[in-house]
Structure formats: C-alpha cells, structure tokens
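Biologist: I would like a close look at a single part of this model. Please keep the account to what the coordinates show.

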Amino acid sequence: MCIMTTTAKRIVKISKYLSYHLRHRPDLLGLELNSAGWIEVERLLEATNKHNFPISLTDLETVVAQSDKQRFSFDRSKTLIRANQGHSVAVDLELTPLLPPALLYHGTHYKALASIMDRGLCKMQRHHVHLSAKQATAIKVGQRRGKPVILEIAAAKMAQLRFTFYCSDNGVWLVEHVPKEYIRLQNIN
Ligand code: HQG
C-alpha cells in the first residue's frame, strides 16, 4: 500500500494543476504561453494567487525537482517555466530530432486496440504520439485507463524510412504517427 504524506499529496495536486494550465488551458489563469511554451514564473505565481490556488516559489521548485516524470522545467535563469511535453495548445518545444532505439513501447487499453490496429497510433489531442523506451513505463501509462495493453513499436525501422522522432527533456519519445505495420501487440503477464 502506498501512503502519501500531506506534503506529497499537495505536490501531486500542484503538479496536476500546473499540467492542466501549462499544457492545455493557460487562458483560464489569464495567461498566454510564448511560442516555445514558456511563461514567466512571477506571472504564473501571481495568477495562481489571484485564482485562489496560491503556489509559492518553493512549491514550484519542489514540483519541478520532484515531479515523478519531470514534467516541468525552468529555463537557465529560472525566470521562466514550461511543461516538457503533453501540450494541446499550440507550442513549438524546439525539439531536436533524435534516432530512437530499435524498439519503443506504447501503453494503451483494450477498447482502443481495434481502432489502433486499423488506423495506427494517432496523436489525438496532443502534439505527438507518446512512446517510452521502457516497457514498465508503458504499462503505467496504459494502467491509467484499466487493464493495460502494451504495443511494441519498430521505431528504428520507422526512423530509417521517413519518420522523425524526438525525445522530450523528460525522456518521452515523440512521433507524429505510427502506422499499423510498425505495431506489434505484446503479451504481458
Ligand atoms: C489512444 C501521461 C483509438 C492512445 C501519460 C491513448 C503519458 C487511439 C489515447 C502521456 C488511437 C490518447 C500520454 C487510435 C491512439 N484509435 N485510440 N487510432 N491512437 N489512441 O493521454 O499516450 O501524466 O493523449 O493509446 O503517463 O495515453 O500527462 O496519450 O490511450 O506519458 O505527464 O488514445 O500522458 O503523462 O491519450 O498518454 P493521451 P497517452 P502525464
């Protein structure tokens, strides 16, 4: 059983709040992200205060340092903050193309399987399809929606053809689309 302390719970709550606003709805806080997804730390803290969810700079530093998936980054000067990936608002994270390992993994759920095997993996509301180098990560992602289904992606083969892969600052592999011919259903015990 996992027992979370009050502080840990608060950090998770802040992380969820920031994920939502820095990836999807900055407008709800009266904020606009710059083209690369950054927002001034000072303006963010002011806005959260104004919207009855006060976050301190120390809170923010803790979330950036402790987020289980390193969801957020400060810039070098620590005056700006952004989500590392997962946006639905238009941002250009200025990612550098990178050659992926031979295989990457995607965790999903049974209900989506028929459609995925028909249309391939689509980015849905996000900017990219999210993949991981570790199968264990894919299992966790799939578990968010019930019994997980793990798909193995022939990433290096795709990259050799015409597909561009990126790796976000927090190690999530990103690609525009995965056609069905590069997907293999994995058996998990
Ligand atoms: C599915 C969380 C039907 C896809 C996680 C997924 C991850 C299709 C869902 C990160 C489909 C999209 C991303 C198709 C894809 N037909 N369903 N053709 N193609 N799908 O949340 O990968 O906590 O946008 O399998 O841990 O689940 O936010 O993507 O089930 O790392 O940092 O459509 O979000 O991280 O769902 O999750 P999502 P995802 P954070």
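Which residue in E9 does Glu152 stand opposite?

Modeller: This is a predicted model. In it, Glu152 stands opposite Arg184 in E9. Glu152 belongs to strand E6, where it points to one side along with Pro148, Ile150 and Ala154. Val149, Leu151 and Ile153 point the other way from E6. Residues of both groups are buried, and the strand is accordingly described as mostly covered, with seven of its seven residues buried.

The pairing around Glu152 can be followed further. Strand E6 covers residues 148-154 and is joined to E9 by four bridges, the two strands running antiparallel. Next to Glu152 in the sequence is Ile153, and Ile153 stands opposite Ile183 in E9. E6 also pairs with E4, again in the antiparallel sense, over seven bridges. One of the facing pairs there is Gly107 with Ile150 in E6.

Together these strands form an open sheet of three, in the order E4-E6-E9, with antiparallel pairing. Its edges are strand E4 (103-109) and strand E9 (183-186), each of which pairs on one side only. Neighbouring strands of this sheet are turned against each other by 35° on average, direction ignored.

A helix also belongs to this picture. Helix H5, residues 135-143, lies across E4, E6 and E9. The helix runs at about 20° to E4.

How values were computed:
Residues numbered from 1 in each chain as written. Predicted model: local features only at pLDDT ≥ 70, side-chain atom pairs only at ≥ 80, totals over all residues. Heavy atoms only, no water. Pairing = 2+ DSSP bridges. Axes fitted to C-alpha atoms, helices over the stretch in contact; angles between N-to-C directions. Contact = heavy atoms within 4.5 Å. Buried < 20%, exposed > 50% of the residue type's maximum accessible area, 1.4 Å probe, protein only.
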